[in-house]
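Biologist: I'd like to learn how to read a fold from its coordinates. Could you walk me through this one?

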Amino acid sequence: MKRAECIGMLYPELDDKLVVTIMGACAQELYDLGHKENFFYLQHAMGLASSIGLGLAMHLPKERIVVLDGDGSVLMNLGTLATMARYRPGNLVHIIFDNGSLLSTGGFDSHTTSGITDLAAIAKGAGLERVRSVDSVMDFGEAVIEAFNGDDLSVIVAKVAAVGPNHYGMELHLPENAFRFKRLISERKKR
Ligand SMILES: Cc1ncc(C[n+]2csc(CCOP(=O)(O)OP(=O)(O)O)c2C)c(N)n1
């Protein structure tokens, strides 16, 4: 399965949520479907999308936070899984697209290539309880619905092909995206 297919399936469900993505291919695939003000593409800071998502989830209990992550990024910040398990905000859904690759910087193999490292097992070992590993679009959709309908922190490790967009480039740069995202959160807090 391709990450773009999963993101396409997810896209209509994201309007009422706050979404944080990693940089590069994943961000581009979401952006290409049409930017929305509730999307924050964390450029450059590899590994930290989950930490930002965790912070948002803990401080905004009325919001549902979705993090779109990558295997390389999670491997760079494995401690995030233990911190998530410890604080366990029920409004956080952490989706890890595991393509076994550092795709956005040339497609180098990551440690999950050929099943060497099992991120779902690491997440469970870190203390996370709702962890699902999926490798079909159907199972991905089911796991997402289950996560969105539930009220416990969920991790979905989606095994995807190491393919991405055929172009990179956004009209929206990081500072502007960050300011607008923060403003949107402030507005929503007043509701
Ligand atoms: C600290 C740091 N190191 C390296 C990079 C360069 N970099 C940007 S994206 C990326 C690969 C990310 O891999 P993954 O999270 O698996 O996502 P994918 O690109 O495969 O979608 C790398 C190495 C960076 N942005 N920050």
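Modeller: Sure, and let's start with pairing: two strands count as a pair if DSSP finds at least two bridges between them. By that test E1 and E3 pair, with four bridges joining them in the parallel sense. Leu18, for instance, sits opposite Ile65 in E3. Keep in mind that this is a predicted model.

Biologist: What holds paired strands of a sheet together in general?

Modeller: Strands of a sheet pair through backbone hydrogen bonds, either parallel or antiparallel. Here, six strands make an open sheet with parallel pairing, and the order across it is E2-E1-E3-E4-E8-E7.

Biologist: Which strands stand at the edges?

Modeller: Those are E2 (39–41) and E7 (130–134). Each has a single partner strand, so one side of each has no neighbour in the sheet. As for twist, neighbouring strands are turned by 15 degrees against each other on average, if you ignore direction.

Biologist: Let me follow one edge inwards. How many bridges join E7 to E8?

Modeller: Five, and the two strands run parallel. Ser133 is opposite Val157 of E8, and Val134 has Ala158 as its bridge partner in E8. On the way from E7 to E8 the chain passes through helix H7 (residues 137–149), which makes a right-handed β-α-β crossover.

Biologist: And what about the pairing of E4 with E8?

Modeller: That pair is parallel too, with six bridges. Phe97 is the residue opposite Ala158 there.

Biologist: Now the other edge. How many bridges pair E1 with E2?

Modeller: Three, again in the parallel sense. Val19 has Phe39 of E2 as its bridge partner. E1, H2 and E2 together form a β-α-β unit, and that unit is right-handed.

Biologist: How do I read the two faces of a strand?

Modeller: In a regular strand the side chains alternate between the two faces of the sheet. Then you check burial face by face, and the cut-off you need is 20 or more other C-beta atoms within 10 Å for a buried residue. E1 is covered on both faces, with Leu18 and Val20 buried on one side and Val19 and Thr21 buried on the other.

Biologist: Are the faces of E8 covered or open?

Modeller: Covered, both of them. Ser154, Ile156 and Ala158 are buried on one side, while Val155, Val157 and Lys159 are buried on the other. That's six of six residues in E8.

Biologist: Which helix should I look at for packing on the sheet?

Modeller: Try H3 (residues 49–59), which packs on the sheet and touches E1 (18–21), E3 (65–70) and E4 (92–98). The direction of H3 makes about 170 degrees with that of E3.

Biologist: Why call H2 largely enclosed?

Modeller: Count the buried residues: seven of the nine in H2 are buried, so the rest of the structure largely encloses that helix. They are Ala25, Cys26, Ala27, Gln28, Glu29, Leu30 and Tyr31. They pack against helix H1 (3–10) as well as E1, E2, E3 and E4. Just past the end of H2, Gly34 takes a positive phi of about 125 degrees.

Biologist: Is His167 buried or exposed?

Modeller: Exposed, with 7 other C-beta atoms within 10 Å. His167 lies in the loop between E8 and helix H8 (174–189). The sequence separation from Glu29 is 138 residues, yet the C-alpha atoms of the two are separated by 9.7 Å.

Biologist: There's a ligand as well. Which residues come nearest to the ligand?

Modeller: Met46, Gly70, Gly72, Leu103 and Ser104, out of 18 residues around the ligand. H2 (25–33), H4 (71–76) and E5 (101–102) each supply at least two residues of that shell. H4 gives the largest share, three residues.

Biologist: Let's zoom out to the whole chain. How many helices and strands does the protein chain have?

Modeller: Eight of each. The radius of gyration is 15 Å, close to the 16 Å from the globule rule for 191 residues, so the chain is as compact as a globular protein of that length. The C-alpha atoms fill a box of roughly 45 × 35 × 30 Å along the principal axes. Buried residues account for 40% of the 191.

Biologist: And what share of the contacts joins residues at least 24 apart?

Modeller: 73%, counted among contacts between residues at least 6 apart in sequence.

How values were computed: Residues numbered from 1 in each chain as written. Predicted model: local features only at pLDDT ≥ 70, side-chain atom pairs only at ≥ 80, totals over all residues. Axes fitted to C-alpha atoms, helices over the stretch in contact; angles between N-to-C directions. Contact = placed C-beta atoms within 7 Å. Buried ≥ 20, exposed ≤ 12 C-beta atoms within 10 Å, placed from the backbone. Right-handed = clockwise from strand over helix to strand, strands pointing away. Rg over C-alpha atoms; globule rule 2.2 N^0.38 Å. Near = placed C-beta within 6 Å.
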